[in-house]
Amino acid sequence: IVLLHEFGHAFACRQVGGQADHIVLWPLGGVAFVDPPRRPGAILWSIAAGPLVNVVLVPVLSVGLLLSGGGPLDLSRLIEQVWQINLVLLFFNLLPVYPLDGGQILRALLWFPLGEIRSLQIASVVGLIGGTCLALYALMLWSFWLGLMAFFLLSRAIAGWQYAKVMVAEKKAAEIPPIMP
């Protein structure tokens, strides 16, 4: 499920003329290293394609679940668990918490009216809030895996904020006219 999701990102990125040469799977999910053109529409499509794969899989797995109802219990249970994993991945990934797909979709949508830098700043702040909430929840449950996920979200949201600061500095430097001797 995760690999198909990541292939969705990669194929969509390539479709808009971007680079997508690596997919990494790890215990908490996967990452497709995509580099779409720096346009909000290209980024939106590259990011939204991952969750769209999960949306397409819902009816496919539902039919499989219905068809396996009279078959071996193990097959039915397997399809049911894959169906549940697909839904959890879909809904978790659509949370508007940067760097999750939902947070990156939020960024791309805000890019249209607010511009690249401001959209990244807002998405990063939402990511910091979401990551902090997840960290508190992980502490409440004493969950190592949720804590690790919170750390990942917080570190990527901080990196997004820092990148936005660099973009602001570059923009200011480009606006300053050169001093003539």
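Accessible areas here come from the Shrake-Rupley method with a 1.4 Å probe. With that settled, here are my notes on this predicted model.

1. **Surface.** The chain exposes about 11,000 Å², and carbon and sulfur atoms supply 72% of that area. As for burial, 36% of the 181 residues count as buried.

2. **Overall layout.** You'll find six helices and two strands in the chain. Reading from the N terminus, the order is α-β-β-α-α-α-α-α, so to speak a helix, then the two strands, then the run of remaining helices. The C-alpha trace spans about 85 × 40 × 25 Å along its principal axes. On the contact side, take the pairs at least 6 apart in sequence: 56% of those contacts join residues at least 24 apart.

3. **Charges.** The chain carries 10 positive and 9 negative charges. Their mean positions sit 10 Å apart.

4. **The largest pocket.** Its volume comes out at about 1,300 Å³. Helix 1 (2-15), strand 2 (29-35), helix 2 (40-67), helix 3, helix 4 (101-114), helix 5 (116-141) and helix 6 (144-175) each give two or more residues to the lining. The lining has 37 residues in total, and V31, P99, L100, D101 and Q104 are the ones nearest the centre. Which element gives the most to this lining? That would be strand 2, with seven residues.

5. **P99 and its cis bond.** One of the residues nearest the pocket centre, P99, is joined to Y98 by a cis peptide bond. Omega there is about 15°. P99 belongs to the loop between helix 3 and helix 4, in case you want to look at the backbone on either side.

6. **H9.** This histidine is in helix 1. Is H9 buried or exposed? Its relative accessibility is 4%, and the cut-off for buried is under 20%, so H9 counts as buried. Beyond residues up to four places away in sequence, H9 touches A32, V34, S46, I47, A49, G50, P51 and D101. D101 turns up again here, having already appeared among the residues nearest the centre of the largest pocket.

7. **A108.** Helix 4 holds A108. With a relative accessibility of 1%, A108 counts as buried. Which residues does A108 touch, once those up to four places away in sequence are set aside? They are P40, I43 and L44. For P40, the sequence separation from A108 is 68 residues, yet the C-alpha atoms are 5.1 Å apart.

8. **V82.** Over in helix 3 (residues 73-93) we have V82. V82 is partly exposed, because its relative accessible area of 24% falls between the 20% and 50% cut-offs. Leaving out neighbours within four places in sequence, V82 is in contact with I1 and L61. A135 is another matter: V82 and A135 are 53 residues apart in sequence and 27 Å apart in space, C-alpha to C-alpha.

9. **L154.** Here A135 comes up again. L154, in helix 6, is 19 residues from A135 in sequence, with 8.8 Å between the C-alpha atoms. A135 is also among the contacts of L154. The full set, apart from neighbours within four places in sequence, is L128, G131, T132 and A135.

10. **K171.** Helix 6 is also the place of K171. How far apart in space are K171 and I117, C-alpha to C-alpha? The distance is 9.7 Å, for a sequence separation of 54 residues. K171 is partly exposed, and its relative accessible area is 48%.

11. **W142.** Worth a look in the Ramachandran plot: W142 has a positive phi of about 55° although it is not a glycine. The residue is in the loop between helix 5 and helix 6. Its relative accessibility is 76%, so W142 counts as exposed, the threshold being over 50%.

How values were computed:
Residues numbered from 1 in each chain as written. Predicted model: local features only at pLDDT ≥ 70, side-chain atom pairs only at ≥ 80, totals over all residues. Heavy atoms only, no water. Helix = DSSP H or I, 4+ residues; strand = E, 2+ residues; numbered from the N terminus. Buried < 20%, exposed > 50% of the residue type's maximum accessible area, 1.4 Å probe, protein only. Contact = heavy atoms within 4.5 Å. Lys, Arg positive; Asp, Glu negative; His and termini not counted. Charge placed at Lys NZ, Arg CZ, Asp CG, Glu CD. 1 Å grid on protein atoms, 1.4 Å probe; cavity = no way out; pocket = protein on both sides within 12 Å on 5 of 7 lines; lining within 4 Å. Points joined across faces, edges and corners; volume = space filled by probe spheres on them.
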